[in-house]
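I opened this notebook to keep track of what I look up in one structure. The entries follow the order of my searches.

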Amino acid sequence: MRMSTLTAFVALGAFAAVSQPSPAAADESTAVAGSLSNVRATENDGFGELKWGADLKAVYARFPELKKLYPQAKVAGLLKSGQTVVVETKLTFKGVAYPGKLALDAEGLTRVTIEVKGEEDPSVTVDKLLDPILGDLSVPDEETPDTRVWKGTATVVSVTKTREVGRFRLDLSFYPKAKYRPENAGGSLGIE
C-alpha cells in the first residue's frame, strides 16, 4: 500500500470474507445500469458507467448507500484538503457482485479495487482464478507468480494475490492509464 498516495482511509464498514461468488449469486440490486459487460476492462474508460475522474456527486448518485456510511460533506472536505479517500461498497463486475473499494482524490475517481477471497489450494494458480473474471484479457503485459498487469488504451488492470492462513485474496485494481504507477516505481533512494 502506498502510504504517500493514500493519505486518508475512510473505513466505517467492513465486509465478511467470502468465497468467489458465482454469476448466479450476483446481487441484481447492485448491477450497474448500462454496464459495459462485453467491453474489455482495459478498453473501458472507467468502471461500468462511472468514468475516470467522476466527481463525488456522480459516485454518490451511482452508489447512494455510501451516504449512510460516509457522509458526503465529510468526504468532500477531505477531498478539498487534498487527501485521497477510499470508500468501501459492493461493486459489480461482469454481472458478479464483489466487496470493493473506490478511491477518489481532488480529480475524482482514480482507482477501483474488487476483492476475491477463497480457500488456498496449491493446484489453483492465479491464472485459473482469474480466467472466469478476466478471461477476455490476453496475455498480461507484466507477470510475476502473484501479480498480473494489463495495460489497455484507457485502463490498466492490476492483480495481486495475497496469501493468508489457509486462504488467499485477489485484489483486482482498475486505474486510468494516465494515473497508473507500478508498485515498484519510486524515486531515487539517494544512494550514489
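Before counting anything, I fixed one term: two strands pair if DSSP finds at least two bridges between them. I also noted that this is a predicted model.

**Entry 1: β8 and β9**

I began with β8 and β9, which pair in the antiparallel sense over 10 bridges. I looked up one of these positions and found that V159 has L172 in β9 as its bridge partner. As general background I wrote down that strands of a sheet pair through backbone hydrogen bonds, either parallel or antiparallel.

**Entry 2: the chain as a whole**

I stepped back to list the elements. The chain has four helices and nine strands. Along the sequence I read the pattern β-β-α-α-α-β-β-β-α-β-β-β-β. Of the 192 residues, 43% count as buried. I then checked contacts between residues at least 6 apart in sequence, and 55% of these join residues at least 24 apart.

**Entry 3: the sheet**

In which order do the seven strands of the open sheet stand? I read it as β3-β4-β5-β9-β8-β7-β6, with antiparallel pairing. The edges are β3 and β6; each has a single partner strand, so one side of each is left without a neighbour in the sheet. From one strand to the next, the twist averages 20°.

**Entry 4: from β6 to β8**

I followed the chain from the β6 edge. Strand β6, residues 142-144, pairs with strand β7, residues 147-151, in the antiparallel sense over three bridges. A hairpin through two residues joins β6 to β7. At this hairpin I noted that T144 has T147 in β7 as its bridge partner.

T147 came up again at the next pair, where its bridge partner in β8 is T160. β7 and β8, the latter covering residues 155-164, pair in the antiparallel sense over five bridges. They too form a hairpin, with three residues between them.

**Entry 5: β4, β5 and β9**

I moved along the sheet to β5. Six bridges pair β4 with β5 in the antiparallel sense, and a hairpin through two residues joins β4 to β5. Here A103 stands opposite R111 in β5.

How many bridges join β5 to β9? I found eight, and the two strands run antiparallel. At this pairing E115 stands opposite D171 in β9. I also checked burial: β5 is mostly covered, with 11 of its 12 residues buried.

**Entry 6: helix α4**

I next looked at what lies across the sheet. Helix α4, residues 126-134, lies across β3, β4, β5, β6, β7, β8 and β9, and runs at about 50° to β9.

Which residues of α4 are buried? I listed V126, L129, L130, I133 and L134. Seen down the axis of α4, these buried residues fall within an arc of 100°, so they line one face of the helix. Their cover includes β3, β4, β5, β7, β8 and β9. On the other side of α4, I found K128, D131 and P132 exposed.

**Entry 7: aromatic rings**

I searched the whole structure for aromatic pairs and got four. For F93 and F174, the ring centres are 5.1 Å apart and the planes stand at 50°; the cut-offs for stacked and edge-to-face are under 30 and over 60 degrees, so this pair is tilted. The pair links distant parts of the chain, with F93 in strand β3 and F174 in strand β9, 81 residues apart.

Are F93 and F174 buried or exposed? F93 has a relative accessible area of 10% and F174 one of 1%; buried means under 20%, so both count as buried. I also noted that ring pairs link F47, F93 and F174 into a cluster.

**Entry 8: charges over rings**

I then looked for charged ends placed over rings. The charged end of R62 sits over the ring of F63, 4.3 Å from the ring centre. The charged end of K161 sits over the ring of F168, 5.5 Å from the ring centre.

**Entry 9: K80**

Last, I looked up K80, which lies in helix α3, residues 72-80. Its relative accessibility is 79%, and the cut-off is over 50%, so K80 counts as exposed. K80 and D105 are 25 residues apart along the chain, and their C-alpha atoms are separated by 8.6 Å.

Technical notes. Residues numbered from 1 in each chain as written. Predicted model: local features only at pLDDT ≥ 70, side-chain atom pairs only at ≥ 80, totals over all residues. Heavy atoms only, no water. Phe/Tyr/Trp six-rings, centres within 6.5 Å; stacked < 30°, edge-to-face > 60°. Buried < 20%, exposed > 50% of the residue type's maximum accessible area, 1.4 Å probe, protein only. Lys NZ or Arg CZ within 6 Å of the ring centre and 35° of its normal. Axes fitted to C-alpha atoms, helices over the stretch in contact; angles between N-to-C directions. Contact = heavy atoms within 4.5 Å. Arc of directions from axis to C-beta.
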